[in-house]
Amino acid sequence: MTASNRIVLSSDHAAIPLRQAIAVHVAARGWVVVDIGPTVPESTPYPKHGEAAARLVASGDCRLGIILCGTGQGIMMAANKVMGIRCGVCSDTFSARMIRQHNDANMLSIGARVVGEGLALDIVDAFLAAEFEGGRHAARVEMIGALEG
């Protein structure tokens, strides 16, 4: 199995139901879902879940990642600390498409307390359907990578 069709999903406790709905939705579109939890609703820190998902993407084990917490912000910040990760939090389809096309984002973050399930699934679809455009954007993505040291 190659990473080209593998996508990792993770969340904190606030986003378990939405993450599970996204997992079903993405699997129905042919992706191999690597859902790394959590599965129980007890409070759990989003940084460890953002990092764990980001490490699977950064290692090449998964092509893309989708992470969730209450706002999407905290888990996104944690994921972006992993070298090679470009994750954006999106609450609309335009932004989800643009982070792939212009920023070559390899992870998407969604706030489970910000968007409902229907919009979240549309955001996921926009993210997954978009491809990096390269061109003038490639130099900018390289500049972002250079900030990693």
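This passage walks through a few helices, loops and charged pairs of the chain shown above. The model is predicted rather than determined by experiment.

A good place to start is helix α1. This helix has 12 residues, and from its first C-alpha to its last it reaches 16 Å, close to the 16 Å expected at 1.5 Å a residue. Quite a few of its residues are tucked away from the surface: Ile16, Leu18, Arg19, Ala21, Ile22, Ala23, His25 and Val26 are buried. An α-helix has 3.6 residues a turn, so residues three or four places apart point the same way. As for what the buried residues of α1 pack against, the partners are the strands β1 (6-11), β2 (32-35), β3 (64-69) and β5, together with helix α5 (117-129).

One residue of this helix deserves a second look. His25 lies in α1, which covers residues 16-27. His25 counts as buried because its relative accessible area is 12%, and the cut-off for buried is under 20%. Leaving aside residues up to four places away in sequence, His25 touches Leu121 and Asp125. With Asp125 there is also a polar contact, side chain to side chain, at 2.7 Å.

Next come the charged pairs. How many salt bridges does a search of the whole structure find? The search turns up 8. In one of them, Asp61 is paired with Arg6, and their closest N and O atoms are 3.0 Å apart. This pair links distant parts of the chain, since Asp61 sits in the loop between α2 (46-58) and β3 while Arg6 belongs to strand β1, 55 residues apart. As for their surroundings, Asp61 is partly exposed, with a relative accessible area of 32%, whereas Arg6 is buried at 15%.

Other salt bridges join up into a group. Arg63, Arg86, Arg100, Asp104 and Glu131 are linked in a network. Within it, Asp104 forms a salt bridge with Arg86, where the closest N and O atoms are 3.3 Å apart. Asp104 is in the loop between α4 and β5 and Arg86 is in the loop between α3 (73-79) and β4 (87-89), so this pair ties together parts that are 18 residues apart in sequence. Asp104 is partly exposed, with a relative accessible area of 21%, and Arg86 is partly exposed too, also with a value of 21%.

Asp104 has a second partner in Arg100, and their side chains meet in a salt bridge at 4.0 Å, N to O. Is Arg100 buried or exposed? Arg100 counts as buried, because its relative accessibility is 5%, and the cut-off for buried is under 20%. Arg100 also lies over the face of Phe127, at 5.4 Å from the ring centre. As for rings pairing with other rings, the count of aromatic pairs comes to 0.

Asp104 has one more quirk, this time in its backbone. Although Asp104 is not a glycine, it has a positive phi of about 50°.

The loop that holds Asp104 contains another residue worth following. Asn106 is found in the loop between α4 (93-101) and β5 (107-111). Asn106 is buried, with a relative accessible area of 11%. Its side chain reaches the backbone oxygen of Gly84 at 2.9 Å. Which residues does Asn106 touch, not counting residues up to four places away in sequence? The contacts are Val57, Arg63, Leu64, Gly65, Gly84, Ile85, Arg86 and Phe127. Arg63 and Arg86 in that list are also members of the salt-bridge network, and Phe127 is the residue whose ring face lies under Arg100.

Two spots elsewhere round out the picture. The first is a peptide bond: from Gly37 to Pro38 the bond is cis, with omega near 15°. Pro38 is found in the loop between β2 and α2.

The second is Gly149, whose place is in the segment after α6 (136-146). Gly149 is exposed, with a relative accessible area of 97%. The C-alpha atoms of Gly149 and Met77 are separated by 18 Å, and the two residues are 72 residues apart along the chain.

Technical notes: Residues numbered from 1 in each chain as written. Predicted model: local features only at pLDDT ≥ 70, side-chain atom pairs only at ≥ 80, totals over all residues. Heavy atoms only, no water. Phe/Tyr/Trp six-rings, centres within 6.5 Å; stacked < 30°, edge-to-face > 60°. Lys NZ or Arg CZ within 6 Å of the ring centre and 35° of its normal. Helix = DSSP H or I, 4+ residues; strand = E, 2+ residues; numbered from the N terminus. Buried < 20%, exposed > 50% of the residue type's maximum accessible area, 1.4 Å probe, protein only. Polar contact = N/O pair within 3.5 Å; in protein donor to acceptor, adjacent residues only side chain to side chain. Contact = heavy atoms within 4.5 Å. Expected span 1.5 Å × (residues − 1).
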